[in-house]
Amino acid sequence: MNSKKGYVSFVLHAHLPFVHHPESEDYLEEEWLYEAISETYIPLLTNFKKLEEEKVDFRITMSLTPPLLSMLDNKLLQRRYIKYLKKHIELSKKEIIRTANNEKLNNLSKYYLDKYSKDLHIFKDVYNCNLIEGFKYFQDIGVLEIITCGATHGYFPILYVNEKTVRAQIAVGVQTYKKYFAKNPRGIWLPECGYIPEVDKYLKEFGIEYIITESHGILYADPTPVYGTYAPIVTPNNIVAFGRDISSSRQVWSSINGYPGDYNYREFYRDIGYDADYDYIKPYIANNGVRVHTGIKYYRITGDTENKDYYNPTWAMDSVEKQAGHFFDSRQAQITHLSPHMHIPPIILCPYDAELYGHWWYEGPNWLYVLFKKIYYDKCDFELITPGEYIDKYPEIQVSTPCRSSWGANGYSEVWLNHTNDYAHRHLHIAGDRMVELANLLPNEKNKLKKLALNQCARELLLAESSDWLFIITNGTMVDYAKKRIKDHIGRFTKLYYMLKEDNIDEEFLKDIIKIDKIFPDINYMIYI
């Protein structure tokens, strides 16, 4: 890479909570994965491939979290995703017949048939049902830097009441990464960007070089960073911290003036699952008959939900081109303004939830493709870089400790600790203490059944600790499911804990929950010592 006046670094956080229900196909939450594959992961991989084939040199960073990797690698979920696609192809074919008298709708129904048929081909024939290998390929050729996350996205600023639970989250996060990518991760996306100084020593222990933090984590660091978020800082424990750039983030994710709100873009909330005749759509919605999203959406963001114009993919691409140009010009102006005041080139860090690109903002993956081509071909003073490459190029970094922070509303912990979900924490803390107690009580257990139970205790604790459940309860969506998951995992953990203490393990019970909570096959409960 040439020396430039500055750099832009995209970091996409690809994460979903572990949802795996071999016992039933009635869990709608399983579709979170299938939607993300069709709307985010396959479109991203397809656009990376196009850039590679067009010989466009680009850089992007993605965290692929351990629960997401575990689900992408799960044979049952792979089969169910194929079934999901076949159902969508069947519905699209019916839609072509149903909309025969409306040319615009008919063209869109053909568009969806083509989309879901291509998804099936890409998933089965191109990637042989293994999207992890797809991402690994781009890491291996040097354009994608993959980083890790906590084992189940546990929220460190609250878990650290028992620091060994935080250490276990990091240990399993690194172990899972190594399993799939055959090397050590250089960086970690702290779950919910939740930073506390106490975590540094464990990041260092497991070889993590850098973290992604929220803007104010850097801006209020001690001592105050000379360059704000435009250069990383390094903690006294030698962990490099990159902070989110506020202005570039707002342009993309702001619901008021961000790009996804453009009137030409596809409307997320208007879906045939709600619009179509009930008897017609019934086979394609929830098993209990509740209307839900099908993914087939015919409208663009215009006016109220009821009064919308039809989606036009060509017009949407016009907006993509225009907004990629706007983002490009904004970063150019930002870097032109900053670089004379800095002794090293500024880095504009742009971290987002990966699912924003494609799932929430349908055109997002195409926007990245157009933007990356523009940065490569057009004259500008900046280029794309990964955080790891930036550290290698500019190893002189100001020593400063980020402040306690998260990227939740108001920047601290209230999203994960408030009157709606605070009841969960005492159960999580008690289970954390009990896990450490078991590991110390039964170190290096040789009895096969007891060892299985101890490892399953570790899995149940990690699954209960997922920050997603607390977030969902705060947000008021799928609350019953989130509460059920916390209750189930804590319940299973507690039952096993007493079985181990009383040396009386119910083998059938253990087998059943190992089958359901089938994650981290190589876990070793000794990480809690």
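## Two residues with positive phi

In this predicted model, the loop between strand E3 (144–149) and helix H6 (156–159) contains His153. Although His153 is not a glycine, its phi is positive, at about 65 degrees. With a relative accessible area of 2%, His153 is buried, because the cut-off for that class is under 20% relative accessible area.

Phe520, which lies in the segment after helix H20 (507–516), is likewise a residue other than glycine whose phi is positive, in this case near 50 degrees. The relative accessible area of Phe520 is 4%, and this residue is therefore classed as buried.

## A cis peptide bond

The peptide bond that joins Asp222 and Pro223 is cis, with an omega of about -5 degrees. Pro223 itself belongs to the loop between helix H9 (215–219) and strand E6 (233–234).

## The largest nonpolar core

The largest nonpolar core comprises 182 residues, and the members that touch the most other members are Phe10, Tyr357, Trp367 and Tyr528. Among the contributors to this core, helix H1 (residues 31–53) gives the most, with 10 residues.

Once residues up to four places away in sequence are set aside, Phe10 touches Ile60 and Thr61, then Phe327, and further along the chain Cys350, Tyr352, Tyr357, Trp367, Leu368, Leu371, Phe372 and Leu384. Two of these partners, Tyr357 and Trp367, are themselves named with Phe10 among the core members that touch the most others.

## Asn47 in helix H1

Helix H1 also holds a polar residue, Asn47, which is buried with a relative accessible area of 5%. A polar atom of the Asn47 side chain lies 3.3 Å from the backbone oxygen of Pro365, a distance that falls inside the 3.5 Å cut-off for a polar contact between N or O atoms.

Apart from neighbours within four places in sequence, the residues in contact with Asn47 are Pro365, Asn366 and Tyr369. Pro365 thus appears both in this contact list and as the owner of the backbone oxygen described above.

## A nonpolar patch on the surface

Leu219, Tyr220, Ile246 and Tyr412 make a nonpolar surface patch of about 410 Å². Of these residues, Leu219 is found in helix H9, the helix that precedes the loop holding Pro223. Leu219 has a relative accessible area of 36% and is partly exposed; it can therefore count towards a patch, since patch residues need over 30% relative accessible area.

Key
Residues are numbered from 1 along each chain as its sequence is written. This is a predicted model: local features need pLDDT of at least 70, side-chain atom pairs count only at pLDDT 80 or more; totals for chains, interfaces and linings use all residues. Side-chain values use heavy atoms; hydrogens and water are left out. A nonpolar core is a set of buried Ala, Val, Leu, Ile, Met, Phe, Trp, Tyr and Cys residues joined through side-chain atoms within 4.5 Å. Buried means under 20% relative accessible area, exposed over 50%, partly exposed in between (1.4 Å probe, protein chains only). Helices (H or I, at least four residues) and strands (E, at least two) are DSSP runs, numbered from the N terminus. Contact means heavy atoms within 4.5 Å. A polar contact is a pair of N or O atoms within 3.5 Å; within protein, one must be able to donate a hydrogen and the other to accept it, and residues adjacent in sequence count only if both atoms are side-chain atoms. Patches are made of residues with over 30% relative accessible area and no salt bridge: like charges are joined within 9 Å, nonpolar side chains (Val, Leu, Ile, Met, Phe, Trp, Tyr) within 5 Å. Accessible areas come from the Shrake-Rupley method with a 1.4 Å probe; for residues, only the protein chains shown count as cover. A salt bridge is a side-chain nitrogen of Lys or Arg within 4 Å of a carboxyl oxygen of Asp or Glu.
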